[in-house]
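Please look through the sequence and the model that follow, and keep both at hand while reading. The paragraphs below move from a pair of helices to a sheet and its neighbours.

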Amino acid sequence: MQPSILHLSMNNCFRWIPAFVTLLFVGTDEATTCVGLVIRNRKNGMTSVAHMDSPDIVDMGLSQMLLLVVDHNLDAELEVHLVGGFEDVSPNFLKSCTGSESDAKLEGYSYPLCAKIFETLCTRREKFHIQTAFILGHNTRRDSEGNAFPIFNGLAVETSTGSVIPASFDGARCPDEIVRRIRVTASYEDCSWNGKLLDTYDTRTDQFRIASCCWTSRQRHTALTLRRLTDSEILLTCSTSPSAEGPDFVDNLRRQCEYLIKYPDWIETFPLKQPRVFERTSDGEWKRC
């Protein structure tokens, strides 16, 4: 069997390798001010991968990840890898700031997220071993004008060995990409997902189970507004790091907008609040169950 590659975009967790899969890579990309986080149990190889985009998600998100890998054993040796986040506030901006400006402007988006992740790891009882911390200054490059960009935007982990490599998943994003992207944004308005990671892949059944998420009419109104904007306006409006986004950022947003305009009622996407389930075919493709 060929190696399987899973891309878990945004807030997702990965569990363990299916018995019938010989080699599995799992990871996340498209991280600018976000952070891709891997936690792996050295003893049993169980691995959890998440894409975190806000300090508000860290406490519950880490608890959710660890529930999958520690197996109630607080003495488990846990490897941790972090890739993403960069110095998104330029030194020139910092020099020009006055004491009256907000801490958020001074810190940017990456630093508060990374600080919260390390703070939470330090206060928990589990035993963490930081293997990779390619974040902030270590993940920053600058052009000739001093503009900052992340060096790496993603990572993949080979679950049987724990090896971690930089990764991009263009063309390998698995099923229902647009709905999954919309769900990431809509989950902030859905109280049932408050503070939780969006876990989509079930390794026990080798299925994508995309749980329901509701969105409001505000999402459609936003989609109609964004559709009228230019590419540069969309970047400035929707991105925490407009100059550092990938070339398909705007196109992905436009595709999400078109879907929301076509299906403004979330129940059309999730009838009876049931998950959208996909299983793998014999040729490695995914089909809706």
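Are helices H7 and H8 roughly parallel or roughly perpendicular to each other? In this predicted model, helix H7, which covers residues 231–238, packs with helix H8, which covers residues 249–262, at an angle of about 85°, and their axes lie 10 Å apart. An angle from 65 to 115 degrees counts as roughly perpendicular, and H7 and H8 are therefore roughly perpendicular to each other. On the H7 side, the residues that take part in the contact are Asp231, Ile234, Leu235 and Cys238, and these meet Phe249, Val250, Leu253 and Arg254 in H8. Sorted by character, the residues of this contact of H7 with H8 comprise 6 nonpolar and 2 charged ones, with no polar residue.

Turning to the sheet, we find 4 strands that form an open arrangement in the order S4-S3-S5-S6, with mixed pairing. Strand S4 (47–52) and strand S6 (127–134) stand at the edges and have a single partner strand each, so one side of each has no neighbour in the sheet. On average, and with direction ignored, neighbouring strands of this sheet are turned by 20° against each other. Within the sheet, strand S3 (residues 35–41) and strand S5 (residues 77–84) pair in the antiparallel sense over 7 bridges, and Leu37 has Leu82 in S5 as its bridge partner.

Helices also accompany this sheet. Helix H1, made of residues 58–69, packs on the sheet and touches S3, S4, S5 and S6, while its direction makes about 165° with that of S4. Helix H4, made of residues 110–123, lies across S3, S4, S5 and S6 and runs at about 160° to S6.

Definitions and conventions: Residues are numbered from 1 along each chain as its sequence is written. This is a predicted model: local features need pLDDT of at least 70, side-chain atom pairs count only at pLDDT 80 or more; totals for chains, interfaces and linings use all residues. Side-chain values use heavy atoms; hydrogens and water are left out. Axes are lines fitted to C-alpha atoms, for helices over the stretch in contact, and angles run from 0 to 180 degrees between N-to-C directions. Helices (H or I, at least four residues) and strands (E, at least two) are DSSP runs, numbered from the N terminus. Angles under 35 degrees count as roughly parallel, over 145 as roughly antiparallel, 65 to 115 as roughly perpendicular and the rest as oblique. Contact means heavy atoms within 4.5 Å. Ala, Val, Leu, Ile, Met, Phe, Trp, Tyr, Cys and Pro count as nonpolar, Asp, Glu, Lys and Arg as charged, and the others, Gly among them, as polar. Two strands pair if DSSP finds at least two bridges between them.
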